[in-house]
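User: Please take a close look at one helix contact in this model. Then set that contact beside the other parts worth reading.

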Amino acid sequence: MEENRWSRSALQSYAELVMHDFPPLVPDLAGPDVRAHITPTRRGRAVVRRRLPRRDFTQPDTRSGVRFLGWLLWQQLPVLLLSSLISVLEWLPGSVGPYLVGKIVDEGIIPHDLATVGRLSVIMFGLVVIGIAASVLSHTLVVRTWLVAMYGTMKLVTRKATQMGHVLPRRTPTGEVLSVSAGDSDEFGALTEIVSRFIGALIAYLVIAGLVLSTSVKLGIVVLVTAPLIVLFALPLLRPLQRREEVERSRTSDLTSMATDIVGGLRILRGIGGEQTFARNYSEQSQWTRRAAVSAGVWQGAVDATGVLLSGMFLVALTWLGAREVAAGELSVGQLISFFGYAIFMVWPIQTFFELAQKWIRSVVSARKTVAVLDQQPPWDAPDQPLTLPDAAALHDQESGFVAEPGEFTIIVSAIPDDSAALADRLGRYLPTEDEPVRLDVAEGLKGRAARRARKQQRLERARLAEQDQRLAGQKWGVSLGTVDLADVGIDQVRERIVVSDATSQVFAGTLQSVVDPHGRLSLAQAETALLAAAAEDVFEGLQGGWQGRIDERGRGLSGGQRQRVVLACVLGLDPQILILVDPTSAVDAHTEALIAGRLVEQRRGKTTIVTTVSPLLLHHADRVAFLFNKRVTAYGTHEELLRTNEDYRRTVARALDEPAEGSDD
């Protein structure tokens, strides 16, 4: 019983030592750095067990892909060193075993000394046990380093996405960001595994060289020189392999981007009959990606085949030289057997060297893409003398002349939806989307100087976009709350006071409670009020588990109207001072829209609310309607007043009534 308790305690202590810093700390994403935890004892008392200090991922080195990899490995240096030491023990039976076999033959079998055979066999069995135990521990450490590298990178990309917000898709395609987070992060985990195994293989190789040198200087020199020569001969194959790896990663990112776009617009594609066109385009891109992967696989196979071929030639040469030494009387039969065992075992360290080279190449390709994402900085700089936004004041846009009075329910009507959406973005201090994002790697299929020039041009284009964003974000914004321009206050204060919910807002996976109240600030009554105001009570009733019912990624189990209403409930729960809604009822039927209109006005009574829509069901509830024509507000009034006095307004609303409601599926 005591032995079992000690075993469990030892395993728990080992697990805490190995995984004490998982998940890795990424500031702004993780909670407080808990460096101690309380464990109850059998007598009911609590003891505080201190954890080792965590390595955090505060500031990655993004000066280059290689520097990023070095920084990533440095974060796990203590565990990598421990893993390398255990890896040496894992290689021990294979490296020292042939030496013991030779001793058994020369000192035990030939002279018929069974005692020596038994003693050396016990030692050999001990080495095997050590190797097995080391293999188990090594695997545990490998899983740990892999997870830290992978999830650490994922969290860094997630943090960067939250820092950049809407600016990130302006600079980098969304699919490529997803590819970095999901695919490239896994390459970094694989690199940490092979690094520790490589160190163990290198030490095992040196141990074998030492044993061979102690037996035969000539064969020892062959062992020391041959392995580096094998790696040297295979180096010319690594550069074309790297180029093809880059092409494969680039095409995979393009495929991910295309899949993201298709999934996001699938409902619209079905409405216009465009599924087949996009399916055909996706199929063609898939074939391009497959061919790139096959090409990379061919070169990787060539590298592997070269390693096997040269390792086999080395095995044959070492055996032949050893046999000649035996024939000359300079080696015993047992030593020849040992040499043959060394030759067979040396194939594995050499293969490990090749595997390291291949994974390093893949990791460098992935690191370049990762650095291109992580090196971007948000354009919002804190003002030199920040001001404070007033609590109750009019919101004014100079470019369009739009004014929203405090506490009013104002609706913007425009014949061109993009104009009203652009106005909503300006009111929320969001940068306009004008330029195409820059791919993470444009050097596909290029070599040498051409590839370097392409990457340089890519960096310059990304720098141009960053400079443009910095200039736009740093100048006077032209939207003021009262007398304070939004550029004269910190962006955090703007985001807290002014919330914009546009038509592209998505539903995240999780429970209904976490979707409606992501910050965990609402009471049950407040959450129910927000859900009721958005007319989304049917979502609650349709989920098993109520508030704890699960919603899939992007709300796949919900209709388009249900997703839209859940998003509306979320923003209503935030209860901001100023709320801007872009077409909040575009996907719901007339009955549901009428319910939302009445409840929304009641929910937001006394708070500034701005809605862009042409729906009469909402327009009837507006305190004031602003008509946007040619990007300028040309008329204000109630819905009834504008219908009577403004022909352009009447035509715009009438056209909206004649058009079918796209995506309405409630």
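Analyst:
**A helix crossing and its surroundings**

Helix 15 crosses helix 17 in a right-handed sense. Keep in mind that this is a predicted model. Helix 15 covers residues 524–533, and helix 17 covers residues 560–574. Their axes lie 8 Å apart, at an angle of about 135°. That angle falls short of the 145 degrees beyond which a pair counts as roughly antiparallel, so helix 15 is oblique to helix 17.

Which residues make the contact? Helix 15 contributes Ala530, Leu531 and Ala533. Helix 17 contributes Ala569, Leu572 and Gly573. By class, five of the contact residues are nonpolar, one is polar and none is charged. Gly counts as polar here.

Now a second helix pair. Helix 6 spans residues 174–215, and helix 10 spans residues 333–374. Their axes are 6 Å apart, and the packing angle is about 155°. Helix 6 and helix 10 are therefore roughly antiparallel to each other. Their crossing is left-handed. The contact of helix 6 with helix 10 holds 25 nonpolar, six polar and nine charged residues. Charged residues thus enter this contact, whereas the contact of helix 15 with helix 17 has none.

One residue links to a distant place in sequence. Leu92 sits in helix 3, residues 77–109. Its C-alpha atom is 9.3 Å from that of Gly200, although 108 residues separate the two along the chain. Leaving out residues up to four places away in sequence, Leu92 touches Gly97 and Leu127.

Next, a hairpin. Strand 13 (residues 624–629) and strand 14 (residues 632–637) run antiparallel, joined by five bridges. Ala626 of this pairing faces Tyr636 in strand 14. Two residues lie between the strands, and Asn630 takes a positive phi near 55°. In a regular strand, side chains alternate between the two faces of the sheet.

How far can the coordinates be trusted? The mean pLDDT of the chain is 80, and 81% of its residues reach 70 or more. Two stretches fall under 50. Residues 1–18 form one of them, with 12 contacts beyond four places in sequence. Residues 30–54 are also below 50, with 40 contacts beyond near neighbours in sequence. Where pLDDT is low, the predicted coordinates should not be read in detail.

Notes:
Residues numbered from 1 in each chain as written. Heavy atoms only, no water. Axes fitted to C-alpha atoms, helices over the stretch in contact; angles between N-to-C directions. Helix = DSSP H or I, 4+ residues; strand = E, 2+ residues; numbered from the N terminus. Parallel < 35°, antiparallel > 145°, perpendicular 65-115°, else oblique. Left-handed = near helix turned anticlockwise from the far one by under 90°. Contact = heavy atoms within 4.5 Å. Pairing = 2+ DSSP bridges. pLDDT = per-residue confidence, 0-100.
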